[in-house]
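Here is a friendly walk through one chain, meant to be read with the model open beside you. Please have a look at the sequence and the fold before reading on.

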Amino acid sequence: MSEARAVVMQRIRDALGSAPPAPAEVPRVYRRAGEPVDFDPVERFCEVVADYDATVHRVAEDGLAGALAETCRARGAIRLAVPVDAPWKVDGVELIADDPPLGPRDLDALDGVLTGCATAIAQTGTIVLDGAGASGRRALTLVPDLHLCVVRADQVVAAVPDAIAAVAPAVQDGRPVTFVSGPSATADIELNRVQGVHGPRTLDVFIVDG
């Protein structure tokens, strides 16, 4: 060992003393799934998801079809991709089922996509898609420029731990789980915020009460 290094190491030993100090106790009181909150999850979700520049439509069950049709007219959308066995009908709009799976060019040629979700997180305004059922394949919501998403009020959970518990079966099955907080946006290039780079530029969220 060189003389200089020996001096440095000795100074470190002198600074540390005979034994290093015990590490400080770190509090680990984390919120767990199912614990109560002091806010209305659906109200909070509506507020936060709107802050992400998504358009929020809160409707009753019998008003969903009309709200979807009105939004499609406003967006100029007449052809939408939907997951297999999608339950929705939209007047004046051709719904194209993802069966057989639509390729990227097919999806890009459509006006948008209409899906449901696995759950939604109130505190973060996040929609969670689990790659099956009403969520559809992950590719469905990555390529089209417009995403219309139907969220039932009873799917809204308070916080992230509740959502993680809700999608645990999808993770166990090896399905991709996607967390969507507003329209796709990035500021990677010269810190200029650009929407639509990694997914839909426009997000319409329909919260269905009842």
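## The parallel sheet

Ala81 stands opposite Val113 in S4, and this pair is a good place to begin. S2 and S4 run parallel and are joined by two bridges. Strands count as paired here if DSSP finds at least two bridges between them. On to the other partner of S2: four bridges link S2 and S3, again in the parallel sense, and Leu80 is found opposite Leu95 in S3.

A word on where all this comes from: this is a predicted model, in which local features need pLDDT of at least 70 and side-chain atom pairs count only at pLDDT 80 or more, while totals for chains, interfaces and linings use all residues. Residues are numbered from 1 along each chain as its sequence is written, and side-chain values use heavy atoms, with hydrogens and water left out. Helices (H or I, at least four residues) and strands (E, at least two) are DSSP runs, numbered from the N terminus.

Which order do the strands of the open sheet follow? Six strands line up as S1-S12-S7-S4-S2-S3, with parallel pairing. Strand S1 (55–60) and strand S3 (94–97) are the edge strands, each pairing on one side only. From one strand to the next, the twist averages 25°. Further along the sheet, strand S4 (residues 112–115) runs parallel to strand S7 (residues 146–152) and is joined to it by three bridges. Thr115 has Cys149 as its bridge partner in S7.

## Helices around the sheet

Helix H3 (residues 64–75) lies across S1, strand S2 (79–82), S4, S7 and strand S12 (202–209), and runs at about 165° to S12. Such angles run from 0 to 180 degrees between N-to-C directions, with axes fitted to C-alpha atoms, for helices over the stretch in contact.

Helix H2 has the buried residues Val42, Phe45, Cys46, Val48 and Val49. Buried means under 20% relative accessible area, exposed means over 50%, and partly exposed is in between (1.4 Å probe, protein chains only). These buried residues of H2 pack against S1, strand S5 (119–121), strand S6 (126–129), strand S8 (156–157) and S12. At the start of H2, a side-chain oxygen of Asp40 comes to within 2.9 Å of the backbone nitrogen of Val42.

Helix H1 (residues 3–16) has 14 residues and reaches 20 Å from its first C-alpha to its last, close to the 20 Å expected at 1.5 Å a residue. The expected span is 1.5 Å times one less than the number of residues. Just after H1, Gly17 takes a positive phi of about 80°.

## A buried aspartate

Is Asp204 buried or exposed? Asp204, found in strand S12, is buried, with a relative accessible area of 1%. The side chains of Asp204 and His57 are joined by a polar contact of 2.7 Å. A polar contact is a pair of N or O atoms within 3.5 Å; within protein, one must be able to donate a hydrogen and the other to accept it, and residues adjacent in sequence count only if both atoms are side-chain atoms. Leaving aside neighbours within four places in sequence, Asp204 is in contact (heavy atoms within 4.5 Å) with residues including Thr55, Thr71, Arg75 and Leu148.

## Backbone details in the loops

Most residues other than glycine have a negative phi, and most peptide bonds are trans. Two aspartates in loops have a positive phi, as the table shows.

| Residue | Phi | Loop | Relative accessible area |
|---|---|---|---|
| Asp53 | near 75° | between H2 (41–51) and S1 | 48%, partly exposed |
| Asp85 | about 60° | between S2 and S3 | 72%, exposed |

There is also a cis peptide bond, joining Asp99 and Pro100, with omega of about 0°. Pro100 sits in the loop between S3 and helix H4 (104–109).

## The whole chain

The protein chain has six helices and 12 strands. Its radius of gyration is 24 Å, well over the 17 Å that the globule rule gives for 210 residues, so the chain is more spread out than a compact globule. This radius is taken over C-alpha atoms, and the globule rule is 2.2 Å times the number of residues to the power 0.38. Along its principal axes, the C-alpha trace spans about 85 × 40 × 35 Å. Buried residues make up 38% of the 210 residues.
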